[in-house]
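Q: I'm new to this structure and would love a close look at one part of it. Could you take me through that part and then show me how the rest fits around it?

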Amino acid sequence: MEFTTWLLYLLASIGLSASPGPNGLLALTHGALHGRRRALNTILGGALGFVVLIALSMFGIGALLQASAQALTVLKWAGGAYLVFLGLQVWRAPPIELELGGDARPLSRLAMFRQGLLSALTNPKALLFFAAFLPQFIDPARSLALQFALMAGTFAVVEIVTEFLLASLAQRLRPWLKRVGRRFNQVCGGAFMAIGIALPLRS
């Protein structure tokens with residue numbers, strides 16, 4: 001992968017990790033309830049789940065590319081359209097609400113890891129999202145395995161750092177999300193739409 005392509009992927013991954021989603025909300029909740037250190041178990045579970053989804057998406061895309069030379073172009077435009085659609089959904093979404101119960105029971109580290117993993121793996125939109133997002137950066141002339149290692153590793157690191165920051169700032173973010181949550185969703189939705197329009201046009 002060329003450095004400029006990886007840099008674009010890194011920037012897009014940062015934007016996507018910061019946008020509203022089940023794993024980000026789970027990291028916020030566990031950070032507020034159990035502290036950032038214990039929430040790291042949740043975050044690592046989610047990161048592993050995303051790596052599994054990236055593997056399924058990329059190697060499924062690789063098999064499709066072997067069957068059709070034009071498949072990548074079709075995937076890029078279809079993926080771009082899906083990202084725009086997803087951006088519209090995020091734009092219209094209500095603000096995130098982080099409501100915490102006062103008598104929350106402590107969870108084991110394994111239970112928190114499992115919750116993060118299942119939150120990623122059972123999100124029906126996640127696999128579709130990666131199938132739309134990843135073709136924008138795949139180079140069929142290069143090793144798919146090396147590209148997977150770089151893309152999955154980059155996304156996992158970005159996700160861990162972003163969600164750890166969310167977990168660390170959970171108590172401070174609660175009033176902020178209540179105040180500007182709608183605007184935050186609109187910024188994230190606009191970012192999705194911009195990515196969906198811009199990436200297919202660059203090749």
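In which helix is the place of Phe-59?

A: Happy to help! Please keep in mind that this is a predicted model. Phe-59 has its place in helix 3, which covers residues 36–67.

Let's begin with Phe-59 itself. Its relative accessibility is 40%, so Phe-59 counts as partly exposed. Setting aside neighbours within four places in sequence, Phe-59 is in contact with Leu-144, Ala-145 and Phe-148. Take Phe-148 from that list: the two residues are 89 apart in sequence, yet their C-alpha atoms are 8.5 Å apart in space.

Now look at other places along helix 3. Gly-46 is also located in helix 3. With a relative accessibility of 0%, Gly-46 counts as buried, because buried means under 20%. Not counting residues up to four places away in sequence, Gly-46 touches Asn-23, Gly-116, Leu-117 and Ala-120. Between Gly-46 and Leu-117 there are 4.4 Å from C-alpha to C-alpha, although 71 residues separate them in sequence.

Helix 3 has a part in the surface too. Leu-48, Val-52, Leu-56, Leu-121 and Leu-127 make a nonpolar surface patch of about 390 Å². Helix 3 gives the most to this patch, with three residues. Another member, Leu-121, is found in helix 5, residues 109–121. Leu-121 has 35% relative accessibility and therefore counts as partly exposed.

Next come the aromatic rings. The count comes to 10 aromatic pairs. One of them joins Phe-50 and Phe-130: the ring centres are 6.0 Å apart and the planes stand at 70 degrees, so this pair is edge-to-face. Since Phe-50 lies in helix 3 and Phe-130 in helix 6 (residues 124–133), the pair ties together parts that are 80 residues apart in sequence. What about their cover? Phe-50 counts as buried at 9% relative accessibility, and Phe-130 is buried with a relative accessible area of 1%.

A pair with another geometry is made by Phe-129 and Phe-133. Their ring centres lie 5.4 Å apart and their planes are at 15 degrees, so the pair is stacked. Phe-129 and Phe-133 are four residues apart in helix 6, which means that about one helical turn separates them. Both Phe-129 and Phe-133 are buried.

These rings belong to a wider group. One aromatic cluster is formed by Tyr-9, Phe-50, Phe-129, Phe-130, Phe-133, Phe-137 and Phe-155.

To follow this cluster further, turn to helix 1. Helix 1 takes in residues 3–18, 16 residues in total. From its first C-alpha to its last, helix 1 reaches 23 Å, close to the 22 Å expected at 1.5 Å a residue. Its buried residues are Thr-5, Tyr-9, Leu-10, Ala-12, Ser-13, Leu-16 and Ser-17. Tyr-9, the cluster member just named, is thus listed here as buried in helix 1.

Ser-13 is worth a look as well, and it lies in helix 1. Ser-13 has a relative accessible area of 0%, so it is buried. Leaving out neighbours within four places in sequence, Ser-13 is in contact with Phe-133, Phe-155 and Val-158. Phe-133 and Phe-155 are among the members of the aromatic cluster.

There is also a charged contact to find. A search of the whole structure gives one salt bridge. In it Arg-142 pairs with Asp-139, and the closest N and O atoms are 3.0 Å apart. Arg-142 is partly exposed at 38% relative accessible area. Asp-139 is partly exposed too, with 27%.

Finally, step back to see the whole chain. The chain contains eight helices and zero strands, and from the N terminus on its elements run α-α-α-α-α-α-α-α. Of the 203 residues in the chain, 45% are buried. Among contacts between residues at least 6 apart in sequence, 91% join residues at least 24 apart. The contact of Phe-59 with Phe-148 is one example, with the two positions 89 residues apart in sequence. The accessible surface of the chain comes to about 10,600 Å², and carbon and sulfur atoms account for 67% of that surface.

Methods:
Residues numbered from 1 in each chain as written. Predicted model: local features only at pLDDT ≥ 70, side-chain atom pairs only at ≥ 80, totals over all residues. Heavy atoms only, no water. Patch = residues over 30% accessible without salt bridge, like charges linked within 9 Å, V, L, I, M, F, W, Y side chains within 5 Å. Areas by Shrake-Rupley, 256 points an atom, 1.4 Å probe, with all protein chains shown as cover. Salt bridge = Lys/Arg side-chain N within 4 Å of Asp/Glu carboxyl O. Helix = DSSP H or I, 4+ residues; strand = E, 2+ residues; numbered from the N terminus. Buried < 20%, exposed > 50% of the residue type's maximum accessible area, 1.4 Å probe, protein only. Contact = heavy atoms within 4.5 Å. Phe/Tyr/Trp six-rings, centres within 6.5 Å; stacked < 30°, edge-to-face > 60°. Expected span 1.5 Å × (residues − 1).
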